[in-house]
Amino acid sequence: MTHLTDSNKTNFETQQEVSASAGVLYVVATPIGNIEDITYRAVKTLQQVDLICAEDTRHSQRLMEHYAIKTPMMSLHEHNEEARIQQITDKLEQGKSIGLISDAGTPLISDPGFKLVRALRAKGYQVSPIPGASAIISALSVAGLATDSFSFWGFLPAKSRARQARFQAFSEHKETLVFYESSHRIVDSLKDLLEVLGDRPIVIARELTKNFETIISADTSIVIETMLTDSNQQKGEFVLMVEGNASASVGLSSEAKAVMSSLLSELPPNKAAKLAAQITGVKKKELYQWALEQKDN
Ligand code: SAM
């Protein structure tokens with residue numbers, strides 16, 4: 001198989017390095033638990049590509065057998081990703097198409113693939129998504145927390161002190177915060193969250209799409225108590241979602257203030273606010289207003 005789609009071609013017209021007959025890298029989402037959570041197109045793509053790069057070929061064997069996918073597999077994980085880039089580039093140049101999968105969900109989302117995709121796109125190869133499951137989007141879709149804006153921070157640091165510092169940095173964020181967490185650390189992370197951010201409303205999505213799927217919405221202290229009372233609630237895979245700080249809407253975040261302060265030392269308020277808005281995403285009007293208040297003070 002060479003091409004399943006002609007999309008994205010315009011991106012690459014200016015690139016010299018890639019031959020017209022080069023293959024495509026398909027970034028294919030696989031289930032996050034329930035084996036039936038995969039699209040028809042994903043299965044068809046995995047059946048038709050010349051090679052599948054999998055995070056763990058043994059782990060993905062079950063999926064291959066379930067969907068009668070007989071395509072050869074090669075490992076691509078965090079320890080060999082860099083070394084694989086040239087091999088994969090050579091195969092694409094030979095007109096071979098490749099599917100990239102991870103152990104679960106969407107590759108690159110707290111999973112390998114970023115270095116490969118960046119390198120291929122820089123060279124001008126076509127990289128095309130075959131969308132599907134991802135734990136973060138599945139969790140947000142059922143949490144009942146604000147989804148008009150949210151920020152995803154992947155896995156929290158392993159050490160308590162670094163975790164607390166991370167939470168501190170988020171204390172004034174207004175948007176819903178989303179993290180991935182493992183069973184070993186979930187209780188400790190929640191304790192740090194409670195200590196730094198207080199008793200915020202949170203939602204824990206555990207074992208989504210699997211037999212023991214559980215979604216708990218409560219204040220942090222109650223979730224900790226629930227997990228300590230029933231240790232089964234500490235098992236499995238977790239998405240932790242934290243309600244944003246609603247009161248942070250009064251005034252600017254410390255980050256926005258810091259950016260404005262340094263820009264104001266060189267620029268008039270209007271220009272500083274314009275630049276700071278681009279950097280921080282805060283409305284220019286709010287930044288400009290803050291600058292005027294500083295002048296008055
Ligand atoms: N690429 C995946 C995705 O698109 O969601 C994420 C891979 S990351 C290595 C694995 C983490 O995702 C787990 O530790 C957990 O935090 C979260 N996760 C994956 N599957 C999950 C599920 N079924 N229920 C809850 N969280 C899950």
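Helices, taken as H or I runs of at least four residues, and strands, taken as E runs of at least two, are DSSP runs numbered from the N terminus. On this basis the secondary structure of the chain comes to eleven helices and ten strands. The model is a predicted one. The chain has 297 residues, of which 45% count as buried. Its C-alpha trace spans about 65 × 55 × 30 Å along the principal axes. Among contacts in the chain with a separation of 6 or more, 69% are accounted for by residues 24 or more positions apart.

Five of the strands form an open sheet, in which the order is β6-β7-β10-β8-β9 and the pairing is mixed. The edges are taken by β6 (150–155) and β9; each has a single partner strand, so one side of each is left without a neighbour in the sheet. From one strand to the next, the twist averages 20°. Within the sheet, β7 and β10 run antiparallel and are joined by six bridges. F179 has L240, in β10, as its bridge partner.

The largest nonpolar core contains 21 residues, and the members that touch the most others are L190, I204 and L240. At least two residues of this core come from each of β7 (176–182), α7 (186–197), β8 (201–206), β9 (214–219), α8 (220–229) and β10 (237–242). Helix α7 gives the most, with six residues. The surroundings of L240 illustrate the packing. When residues up to four places away in sequence are not counted, L240 touches L156, L177, V178, F179, L190, L193, I202, V203 and I204. The bridge partner F179 is thus also one of the residues that L240 touches. A second core, separate from this one, has 18 residues, among them C53, I85, I88 and L92.

The edge strand β6 includes S151. S151 has a relative accessible area of 13% and is therefore buried, the limit being under 20%. The side chain of S151 makes a polar contact of 2.9 Å with the side chain of W153. Apart from neighbours within four places in sequence, S151 is in contact with H173, E175, T176, L177 and V178. L177 and V178 are also touched by L240.

Helix α8, which contributes to the largest nonpolar core, contains T226. With a relative accessible area of 30%, T226 is partly exposed, because this value falls between the limits of 20% and 50%. Residues up to four places away in sequence aside, T226 touches I216 and Q233. T226 and A272 are 46 residues apart along the chain, and their C-alpha atoms are separated by 48 Å.

A ligand is surrounded by 19 residues, of which the closest are D111, S134, A135, Y180 and F238. Polar atoms of the chain approach the ligand from both side chain and backbone. A polar side-chain atom of S134 is 2.7 Å from an oxygen atom of the ligand. On the backbone, a polar atom of I32 lies 2.9 Å from a nitrogen atom of the ligand. A backbone N or O atom of E181 is placed 3.2 Å from an oxygen atom of the ligand.

Positive phi values were examined in two loop residues. L108 has a phi near 80°, a positive value in a residue other than glycine. L108 is placed in the loop between β4 (98–101) and α4 (114–123). The relative accessible area of L108 is 28%, so this residue is partly exposed. T209, also not a glycine, has a positive phi of about 70°. The loop that holds T209 runs between β8 and β9. T209 has a relative accessible area of 26% and is therefore partly exposed. The two strands that flank this loop, β8 and β9, are next to each other in the strand order of the sheet, and each of them supplies at least two residues of the largest nonpolar core.

Technical notes
Residues are numbered from 1 along each chain as its sequence is written. Side-chain values use heavy atoms; hydrogens and water are left out. A nonpolar core is a set of buried Ala, Val, Leu, Ile, Met, Phe, Trp, Tyr and Cys residues joined through side-chain atoms within 4.5 Å. Buried means under 20% relative accessible area, exposed over 50%, partly exposed in between (1.4 Å probe, protein chains only). Contact means heavy atoms within 4.5 Å. Two strands pair if DSSP finds at least two bridges between them. Axes are lines fitted to C-alpha atoms, for helices over the stretch in contact, and angles run from 0 to 180 degrees between N-to-C directions. A polar contact is a pair of N or O atoms within 3.5 Å; within protein, one must be able to donate a hydrogen and the other to accept it, and residues adjacent in sequence count only if both atoms are side-chain atoms. A residue is near a molecule or strand if one of its heavy atoms lies within 4 Å of it.
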